[in-house]
Amino acid sequence: PALFEALRRRRLELAKSLRVAAYVVFPDKTLLDMARRKPRDLTEMAAVHGVGETKLRQYGQDFLEVIRDHGAQAA
């Protein structure tokens, strides 16, 4: 749950900066899959439900950073 909330916060930050609805960045279903899979690189991120080529390029590194940071805090 903590990782999912961290991903939601990052999504909200991105959505506000882009002036779009949060679901336009990624829907909850994608964030839940991301939190479950915990991808470590862009190749693994590409396998997450709802992450296509464009969104991978636009947001992949941002969300990988959140996952890495969360893993470091948990350790």
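Let's start just past helix 3, where Lys 38 follows with a positive phi near 50°. This is a predicted model, and Lys 38 is a good place to begin exploring it. Here a positive phi turns up in a residue other than glycine. Lys 38 sits in the loop between helix 3 and helix 4, the latter covering residues 42-45. How accessible is Lys 38? With a relative accessible area of 47%, Lys 38 is partly exposed, because the exposed class begins only over 50%.

Now look for a second residue with this kind of backbone angle. Arg 19 is not a glycine either, yet its phi is positive, about 55°. You will find Arg 19 in the loop between helix 1 and helix 2. Arg 19 is exposed, with a relative accessible area of 79%, so it passes the 50% cut-off.

Step back from Lys 38 into helix 3, which spans residues 28-37. Which residues are buried there? They are Thr 30, Leu 31, Asp 33, Met 34 and Ala 35. Asp 33 deserves a second look, since it carries a charge and still counts as buried: its relative accessible area is 10%, and buried means under 20%. Asp 33 has a partner, too. It forms a salt bridge with Arg 37, and the closest N and O atoms are 2.9 Å apart. The two are four residues apart in helix 3, so about one helical turn separates them. The reason this spacing works well for a pair is a matter of geometry: an α-helix has 3.6 residues a turn, so residues three or four places apart point the same way. Arg 37, in contrast to its buried partner, is partly exposed at 41% relative accessible area.Salt bridges appear elsewhere as well, and the count for the model comes to eight. In general, side chains of opposite charge can pair when their charged atoms come close. Follow Arg 10 to see two of these pairs. Arg 10 forms a salt bridge with Glu 13, with 2.8 Å between the closest N and O atoms. Both residues lie in helix 1, which covers residues 2-18, and they are three residues apart, about one turn of the helix. Glu 13 is partly exposed, with a relative accessible area of 47%. Arg 10 is also partly exposed, at 22% relative accessibility.

What else does the side chain of Arg 10 meet in a salt bridge? The partner is Asp 62, at 2.9 Å from N to O. Arg 10 lies in helix 1 and Asp 62 in helix 5 (residues 53-74), so this pair ties together parts that are 52 residues apart in sequence. Asp 62 is partly exposed, with a relative accessible area of 22%. Put the two pairs together, and Arg 10, Glu 13 and Asp 62 are linked in a network of salt bridges.

Next, turn to the surface for a nonpolar feature. Leu 18, Val 20, Tyr 23 and Val 24 form a nonpolar patch there, and together they have about 370 Å² of accessible area. One of them, Val 24, is found in helix 2, which runs over residues 22-25. Val 24 is partly exposed, with a relative accessible area of 36%.

Finally, let's view the whole chain. How many helices and strands are there? The chain has five helices and zero strands, and from the N terminus on, its elements run α-α-α-α-α. Along the principal axes, the C-alpha atoms fill a box of roughly 35 × 20 × 20 Å. For 75 residues, a compact globule would have a radius of gyration near 11 Å, and the chain agrees with its 11 Å.

The accessible surface and the contacts complete the picture. The chain exposes about 4,900 Å², of which carbon and sulfur atoms supply 53%. Buried residues make up 33% of the 75 residues. Among contacts between residues at least 6 apart in sequence, 51% join residues at least 24 apart. The salt bridge between Arg 10 and Asp 62 also links distant parts of the sequence, since these parts are 52 residues apart.

Terms used:
Residues numbered from 1 in each chain as written. Predicted model: local features only at pLDDT ≥ 70, side-chain atom pairs only at ≥ 80, totals over all residues. Heavy atoms only, no water. Buried < 20%, exposed > 50% of the residue type's maximum accessible area, 1.4 Å probe, protein only. Patch = residues over 30% accessible without salt bridge, like charges linked within 9 Å, V, L, I, M, F, W, Y side chains within 5 Å. Areas by Shrake-Rupley, 256 points an atom, 1.4 Å probe, with all protein chains shown as cover. Salt bridge = Lys/Arg side-chain N within 4 Å of Asp/Glu carboxyl O. Rg over C-alpha atoms; globule rule 2.2 N^0.38 Å. Contact = heavy atoms within 4.5 Å.
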